[in-house]
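User: Please give a close account of strand pairing in this structure. I am in my first year of study, so kindly explain each step and then place that part in its surroundings.

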Amino acid sequence: MVCHRLPGQSLGMAWPGLPEAVQQTCLEDAVALLKSLHAWRPSDAASAMIASIARPRENDAGIAGASILPLPLDRALALLAAAAEADPSNAAGFARERLFLSGRAGLVSGFDSPGSPVVHGDFTASNLWFDGGRVVGLLDFEWCRFAPACVELDRIDEAAAEEGAAGQPAGFHMRLRRRLEADYPQLFDVEDLAERLQVLQTAHQIRERQLARWSRATGIH
């Protein structure tokens with residue numbers, strides 16, 4: 001196979017060495033790119049392809065539902081049931097998570113509905129392509145799906161928290177979060193936003209635990 005490599009590199013690799021003015025331009029580019037994605041209305045063929053990414057899949061690991069996308073809520077609950085069956089010693093913890101999720105079903109509607117925006121799901125510096133002083137592309141669409149636009153904040157906030165823990169107050173994701181608040185306020189104009197994001201985080205934590213258990217059992221990473 002012969003491949004043509006695009007010029008440039010991931011923004012995550014380039015960011016620490018960029019001058020402040022270029023960093024500001026990249027932040028502006030990233031916000032514009034995200035807004036453009038959310039405003040896009042795909043064709044019927046593209047909608048079918050996006051829907052197929054999020055379609056539930058099962059494997060022999062007991063990972064029920066969609067192995068990579070743990071919402072809508074029934075998928076997260078199926079993952080939780082599989083985890084409880086595999087580890088009955090933690091029944092109380094699983095019960096608390098089930099109660100938390102079940103009581104917030106109304107906060108995670110709009111998943112896999114073509115009436116929702118197209119979201120990337122992993123909008124981080126490693127998936128933004130940088131060349132010539134600008135952000136010129138968005139990569140890795142395996143988490144792409146129809147969902148409420150605020151879903152993007154889940155992964156951005158996770159990456160920003162990692163930067164904060166590493167003592168990087170000028171990290172890309174911390175600054176992107178602030179820029180989004182200023183330039184894309186509609187992303188935050190959501191009732192019970194903090195609780196919605198907590199539901200997303202809980203669902204993804206359930207998925208990660210189940211995948212880790214499967215990886216240990218099978219030796220596949």
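Analyst: Two strands are said to pair if DSSP finds at least two bridges between them. In this predicted model, strand 1 and strand 3 (residues 128-131) are joined by 2 bridges. The number of bridges is therefore enough for the two strands to count as a pair. Their directions are antiparallel, and one position shows the arrangement plainly: Gln-9 stands opposite Phe-130 of strand 3. In general, the strands of a sheet are paired through backbone hydrogen bonds, in a parallel or an antiparallel manner.

This pair belongs to an open sheet of 3 strands, arranged in the order 1-3-4 with antiparallel pairing. Strand 1 (9-10) and strand 4 (134-138) form the edges, each pairing on one side only.

One face of this region is met by a helix. Helix 2 (residues 20-39) lies across strand 3 and strand 4, and its direction makes an angle of about 30 degrees with strand 4. A residue in strand 4, Gly-137, illustrates how distant parts of the chain meet here. Gly-137 and Leu-33 are 104 residues apart along the chain, but 8.4 Å separates their C-alpha atoms. Beyond its neighbours within four places in sequence, Gly-137 is in contact with Leu-33, and also with Asn-127, Leu-128 and Trp-129. Is Gly-137 buried or exposed? Its relative accessibility is 16%; the limit for a buried residue is under 20%, so Gly-137 counts as buried.

After strand 4 the chain enters the loop that leads to strand 5 (145-146), where Asp-140 is found. Most residues other than glycine have a negative phi. Asp-140, though not a glycine, has a positive phi of about 60 degrees. With 44% relative accessibility, this residue counts as partly exposed. Asp-192 offers a second example, with a positive phi of about 55 degrees; its place is in the loop between helix 7 (172-183) and helix 8 (193-218). Its relative accessibility of 38% makes Asp-192 partly exposed as well.

The sheet may now be set within the whole. The protein contains 8 helices and 5 strands, and from the N terminus on they follow the order β-α-α-α-α-α-β-β-β-β-α-α-α. Of the 221 residues, 45% are buried. In soluble globular proteins, nonpolar side chains tend to be buried together. Here the largest nonpolar core holds 50 residues, and Leu-11, Phe-172, Leu-176 and Leu-180 have the most contacts inside it. Leu-180 touches residues from several parts of the chain, including Val-31, Leu-34, Leu-153, Ile-156 and Phe-188.

Contacts between distant residues are also reflected in a count for the whole protein: among contacts joining residues at least 6 apart in sequence, 73% link residues at least 24 apart. As for overall dimensions, the radius of gyration is 19 Å, which agrees with the value near 17 Å for a compact globule of 221 residues. Taken along the principal axes, the C-alpha atoms fill a box of roughly 55 × 50 × 45 Å.

Methods: Residues numbered from 1 in each chain as written. Predicted model: local features only at pLDDT ≥ 70, side-chain atom pairs only at ≥ 80, totals over all residues. Heavy atoms only, no water. Helix = DSSP H or I, 4+ residues; strand = E, 2+ residues; numbered from the N terminus. Contact = heavy atoms within 4.5 Å. Axes fitted to C-alpha atoms, helices over the stretch in contact; angles between N-to-C directions. Core = buried A, V, L, I, M, F, W, Y, C linked by side-chain atoms within 4.5 Å. Buried < 20%, exposed > 50% of the residue type's maximum accessible area, 1.4 Å probe, protein only. Rg over C-alpha atoms; globule rule 2.2 N^0.38 Å.
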